[in-house]
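Me: I have a model open in my viewer and would like a close look at one part of it. Could you take me through the charged pairs, and then stay a while with the helix that carries one of them?

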Amino acid sequence: MEEAAYKLLLSCPYGLSASQVSVVLDQLYDRIRHPDDELENSIAEIWDQRAQKNTSLYNGKKFRYGGHNVHSGDGSNKDSHVWLQLGLTDYRTFVGTNLSPLWEKFLVPSEDDPIQCQHMSSPLGNGAVVETSDKKIVVLRRSSNVGEFPGHFVFPGGHPEPEEVGIDSDQSDKDSEMINKKASQEMFDSIIREVVEEIGVPAMSLVQPLLRRNSTTVL
């Protein structure tokens, strides 16, 4: 059997509400530069090659997944709480590391996922399972003019956006507590935006999303 292309990091079978999810945004969870300069330089080279072939590619800032902590309380779902440990990255670095033909060279031998992927971009994405009132599940087909998996069938989704919570570049002079609260809410606001934009349904017709699971892709 072939090794799976992804692994489940956190399972929330009953879902977690916005009040049960917090973000800890810190430079500690930013990507660490690879010590091999030639491999590190390949990030820009791969991006330039991709950008020349597809002029619609845009290098936007993304949240980087750096790990998580879980507090289970008394074991019931209502008392569970998840802290997502996030740094910052961008789409260019994602293309040059996670999507690179050389992606395996960026990995560090370790059973600990944050250590194993410390040189990877590992942007945090989101996806929604949208069930209609007549019990149908919505699936979309990706455009042929996108940077990842053109033409594939997918659920609605995308990425939480740092710019939506006022994060641009240096955060050293920002109110970290306020930024963390806004980033926590962005985990839920962003998927509503994605569903509205990609399916065209009004936001008022959607129920509030629940965090079901968080996974990291290897390929």
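Reply: Happy to; what follows goes through the salt bridges and then one helix. Please keep in mind that this is a predicted model.

The structure holds 6 salt bridges. One of them ties Glu186 to Arg193, and the closest N and O atoms of that pair are 2.5 Å apart. How exposed or buried are the two partners? Glu186 has a relative accessible area of 2%, so this residue counts as buried, the cut-off being under 20%. Arg193 reaches 24% relative accessibility and is therefore partly exposed.

Other salt bridges share partners, and in this way Arg31, Arg33, Asp37 and Glu40 are joined into one network. Within that group, Arg33 pairs with Asp37, with 3.4 Å between the closest N and O atoms. Arg33 is partly exposed at 48% relative accessibility, and Asp37 is partly exposed as well, at 46%.

A further salt bridge runs between Lys62 and Glu161, where the closest N and O atoms lie 3.1 Å apart. This pair links distant parts of the chain: Lys62 sits in strand S3 (residues 61-71), while Glu161 belongs to the loop between strand S8 (157-158) and helix H4 (176-199), and the two are 99 residues apart. Lys62 is buried, at a relative accessible area of 10%, whereas Glu161, at 23%, is partly exposed.

Now for the helix, H4. If you put a distance on its ends, you should find the end C-alpha atoms 34 Å apart. Why does that value agree with expectation? The helix has 24 residues, and at 1.5 Å a residue these should span 34 Å, because the expected span is 1.5 Å times one less than the number of residues.

H4 also has a bend, of about 35° at Met187. Met187 itself is among the buried residues of the helix, as is Glu186 from the salt bridge above. Other buried positions in H4 include Ile179, Asn180, Ala183 and Ser184, then Phe188, Ser190, Ile191 and Ile192, and further along Glu194 and Val195. If you colour the helix by accessibility, these are good names to look for.

Finally, step just past the helix: Gly200 comes right after H4 and takes a positive phi of about 90°.

Definitions and conventions:
Residues numbered from 1 in each chain as written. Predicted model: local features only at pLDDT ≥ 70, side-chain atom pairs only at ≥ 80, totals over all residues. Heavy atoms only, no water. Salt bridge = Lys/Arg side-chain N within 4 Å of Asp/Glu carboxyl O. Buried < 20%, exposed > 50% of the residue type's maximum accessible area, 1.4 Å probe, protein only. Helix = DSSP H or I, 4+ residues; strand = E, 2+ residues; numbered from the N terminus. Bend = angle between axes of the 7 residues up to and from the residue.
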